[in-house]
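Hi,

Here is the model I said I would pass on. Have a look at it first, and my notes follow below.

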Number of protein chains: 2
Amino acid sequence: MNPDFQKIKSYITNAIQMDEDVFGLALDYFVVKEIKKGDFLLKEGKVCHQIAYIEKGLFRTYFLKDGNEVNTCFCMEDSITLSHKSFVNRVASTEYIQAIEDAKVVTLSYDNLIKLYQLDYAWQSLSNVLTERECIRLSERINAMSFETAKEKYLHLLEKQPEIIQRVSIQHIASYIGVSRETVSRIRSKILL
Amino acid sequence: MNPDFQKIKSYITNAIQMDEDVFGLALDYFVVKEIKKGDFLLKEGKVCHQIAYIEKGLFRTYFLKDGNEVNTCFCMEDSITLSHKSFVNRVASTEYIQAIEDAKVVTLSYDNLIKLYQLDYAWQSLSNVLTERECIRLSERINAMSFETAKEKYLHLLEKQPEIIQRVSIQHIASYIGVSRETVSRIRSKILL
DNA sequence: GTAGTATTGTGACATATGTCAATTGATTCT
DNA sequence: AGAATCAATTGACATATGTCACAATACTAC
């Protein structure tokens, strides 16, 4: 088996119980892609045709509000990135997915995923588990982000996803937690005291 | 068939294609409950054992942050209310679900839902569709609530769910959009000018 | 290495929103 | 109906955060 598929295999079998041969059904469908920093996995207006398992690198998801970029998600190694709404409903995406570090992903197209659904129920089940997880992640993010001060939001992120703070520029973090970059800068300088 | 089940039947067959007899499998499992204004469908610390289809009435979901109630959701007629995280993972809920109007719901327990999953795949499929929808609703709420001003958030709610504004007290709306009730009061008085 | 560009930090000030207090208005209960 | 409780409004003021301008630092490309 392509050694690139070892990590996504662990990821999947970690989420649900899946037999070796059932996983094998997907081998011909996986496509490995290298993405350069700054390049896009998805742009507004395009339908999201693939899910991408991130083997290496870091992506941000953002949308445009009054011409300004608003970050909604950072995805790094051993996670999956896609525009959920666009992928599931087969509609044009309202968001962008951009690599902010050089990246390597294993992709699976919508059409092939549907084929896998029909070949074995475990693949359907995997989708369900991942969707449930996404749901819970989103509701936690709402609670964290809607009812906390700028400082609380920063500290919350620092606690929950310290690696993001390390690897992502301050302006992207500011946009992610919904405050100005100056405010994040001031919060950060106070914390260090 | 119990006339109380007519509405939930429409709701389900609207979400997915489901045969008459497959729907019939659930008839013995549905339990109709009347809930008085102020009473709880779920409290913090309890596991959410049921999903509730709302035939009549209005519920709010909230959690406690530093002793203050923070509203996260309002659910009314022809929708479903539950604590997703608690129901799916069988863990203690961190949130409360309270009727803020006299209500009538049709409930289905977790155990019975699992039985239905095994009796016919359509029930599993229904769950998946509803979870997908919830995901999309949550991400829209994040975008609306995290990156808008108090006024924008109020107007957004007014546009998307005008009935909420009519039926829910101003303090609950304020908590829902994450601003003080005085601020909502001032926004409202300006809009009317 | 140097020039140029992009990113971050800091101060001054403006503004939105929160907090507190008092008043008015609406519900509920007996 | 009247008392009592609860909800909403309004004003004064405090505070958090945004905006703008500029300096300092860190990257990037030649």
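In chain A, helix α8 (residues 170-177) and helix α9 (residues 181-191) pack at an angle of about 105°, and their axes are 8 Å apart. Helices here are DSSP runs (H or I, at least four residues), numbered from the N terminus. The axes are lines fitted to C-alpha atoms over the stretch in contact, with angles running from 0 to 180 degrees between N-to-C directions. α8(A) and α9(A) are therefore roughly perpendicular to each other (the word covers 65 to 115 degrees). On the α8(A) side, the contact (heavy atoms within 4.5 Å) is made by Ile170(A), Gln171(A), Ile173(A), Ala174(A) and Ile177(A). Facing them from α9(A) are Arg181(A), Val184(A), Ser185(A) and Arg188(A). By class, the residues of this contact are five nonpolar, two polar and two charged. (Ala, Val, Leu, Ile, Met, Phe, Trp, Tyr, Cys and Pro count as nonpolar, Asp, Glu, Lys and Arg as charged, and the others, Gly among them, as polar.)

A word on what you are looking at: this is a predicted model, where local features need pLDDT of at least 70 and side-chain atom pairs count only at pLDDT 80 or more, while totals for chains, interfaces and linings use all residues. Residues are numbered from 1 along each chain as its sequence is written, chains are lettered from A and ligands numbered from 1 in the order in which they are written, and side-chain values use heavy atoms, with hydrogens and water left out.

Now the two copies. Chain B superposes on chain A by a rotation of 180° with 0.0 Å of shift along its axis (RMSD 0.0 Å); the fit is by least squares on C-alpha atoms of residues with pLDDT of at least 70 in both. That is the relation of a two-fold axis. Cys135(B) is the residue of chain B that comes closest to the rotation axis, at 2.5 Å (C-alpha). The copies meet through the same surface, because 100% of the interface residues of chain B are also interface residues in chain A.

Finally, the DNA. Strand D is surrounded by 17 residues (a heavy atom within 4 Å), and the closest include Ala150(A) and Arg181(B). A side-chain N or O atom of Thr183(A) is 2.4 Å from a phosphate oxygen of strand D, and one of Arg186(B) is 2.7 Å from a base nitrogen. α9(B) gives the most to the surface near strand D, with five residues.

Cheers

How values were computed
Helix = DSSP H or I, 4+ residues; strand = E, 2+ residues; numbered from the N terminus. Parallel < 35°, antiparallel > 145°, perpendicular 65-115°, else oblique. Polar contact = N/O pair within 3.5 Å; in protein donor to acceptor, adjacent residues only side chain to side chain.
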